[in-house]
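Hello,

Here is the structure for you to look over. My notes follow it.

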Amino acid sequence: MLVYIINEQYDCAALIYAHFPLPLLSKYHKKISHLIMPKGIIILEGFSTGNFALKNTNPSVGDPNKIEMLFTIDSIKNDFPDFEIIQLEEVEIELKEGLYHYGTGKVIRFVGTKKK
């Protein structure tokens, strides 16, 4: 039996609309945090919980259909405590990405630098 241990670290990771079921979400964020080297950067953009109400008025805006898979500013702070916040905001954006992502949506945008 061969066992591979990967101890690589990366300068940067980007999570763009990377929504996962609740049992996996924080686990994946923590694993990704561990893979970023000190002073490395993480970039994240994904639907916020504020998008849920917008989706009710315009289903074409899209999102994962489960509010627990959406982001909040607090959930990002909790999942990435070892990062200095460069940008962390909830903003309204206009989506024009085909039939399933069209209209006004709300997203969380996060850019952080690993402290240690």
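The notes below cover helix 1 first and then the nonpolar cores.

This is a predicted model: local features need pLDDT of at least 70, side-chain atom pairs count only at pLDDT 80 or more, and totals for chains, interfaces and linings use all residues. Residues are numbered from 1 along each chain as its sequence is written, and side-chain values use heavy atoms, with hydrogens and water left out.

Helices (H or I, at least four residues) and strands (E, at least two) are DSSP runs, numbered from the N terminus. Helix 1 covers residues 22–35. Its 14 residues should span 20 Å at 1.5 Å a residue (times one less than the number of residues). The end C-alpha atoms are 21 Å apart, which agrees.

Leu25, His29, Ile32 and Ser33 are the buried residues of helix 1 (buried: under 20% relative accessible area, exposed: over 50%, 1.4 Å probe, protein chains only). They cover an arc of only 105° around the axis (from the directions from the helix axis to the C-beta atoms), so they lie on the same side of helix 1. Pro23, Lys27 and His34 are exposed on the other side.

The largest nonpolar core (buried Ala, Val, Leu, Ile, Met, Phe, Trp, Tyr and Cys joined through side-chain atoms within 4.5 Å) has 15 residues. Leu15, Ile42, Leu44, Ile76, Phe80 and Phe110 have the most contacts inside it. Strand 2 gives the most to this core, with three residues. Apart from it lies another core of seven residues, including Phe47, Val61, Leu95 and Val107.

Best wishes
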